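Colleague: I am new to this structure and would be grateful for a close look at a single part of it. Please begin with the chain as a whole, and then turn to one residue and its surroundings.

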Amino acid sequence: MLKQEEIKRATLIEACIKVQCTVKQVANALGLSERRVKQIKKEVKEKGVKSIPHGNRGRKPKNTISNEIRKRIL
């Protein structure tokens, strides 16, 4: 499931891939550098739209304190 910002990003990147707009226009619209837009464009071409969300979404951070240690502290 994509968030609203990711849907916007995917739409603009797809338009850029279809040559409906330039990399510079997409970079300005998303507030990213042209280099980053080119990287995202390459990822989307290779892996599809599923490459847009961050890979760690939905996972517990590696540096979190376990519940049993948290209970001992409190």
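**From the whole chain to one lysine**

Modeller: The secondary structure of the chain consists of 4 helices and 0 strands, and the model itself is a predicted one. Read from the N terminus, the order of elements is therefore α-α-α-α, helices and strands being assigned as DSSP runs.

As to overall form, the C-alpha trace spans about 60 × 20 × 20 Å along its principal axes. The radius of gyration of the chain is 18 Å, whereas a compact globule of 74 residues would have a value near 11 Å. Of the 74 residues, 23% count as buried. The chain exposes about 6200 Å², and carbon and sulfur atoms supply 52% of that area. Among contacts with a separation of 6 or more, 46% join residues 24 or more positions apart.

The chain carries 20 positive and 7 negative charges, and the mean positions of these two sets lie 3 Å apart.

The part chosen for closer inspection is K41. This residue belongs to helix α3, which covers residues 34–47. K41 is buried, yet has no salt bridge. The nearest side chain of opposite charge is that of E34, 10 Å away; a salt bridge would require a side-chain nitrogen of Lys or Arg within 4 Å of a carboxyl oxygen of Asp or Glu. What, then, does K41 touch, leaving aside its neighbours within four places in sequence? Its contacts are with I13, C16, I17 and V23.

How values were computed: Residues are numbered from 1 along each chain as its sequence is written. This is a predicted model: local features need pLDDT of at least 70, side-chain atom pairs count only at pLDDT 80 or more; totals for chains, interfaces and linings use all residues. Side-chain values use heavy atoms; hydrogens and water are left out. Helices (H or I, at least four residues) and strands (E, at least two) are DSSP runs, numbered from the N terminus. Buried means under 20% relative accessible area, exposed over 50%, partly exposed in between (1.4 Å probe, protein chains only). Lys and Arg count as positive and Asp and Glu as negative; His and the chain ends are not counted. Contact means heavy atoms within 4.5 Å. The radius of gyration is taken over C-alpha atoms; the globule rule is 2.2 Å times the number of residues to the power 0.38. Accessible areas come from the Shrake-Rupley method with a 1.4 Å probe; for residues, only the protein chains shown count as cover. The place of a charge is taken as NZ of Lys, CZ of Arg, CG of Asp or CD of Glu.
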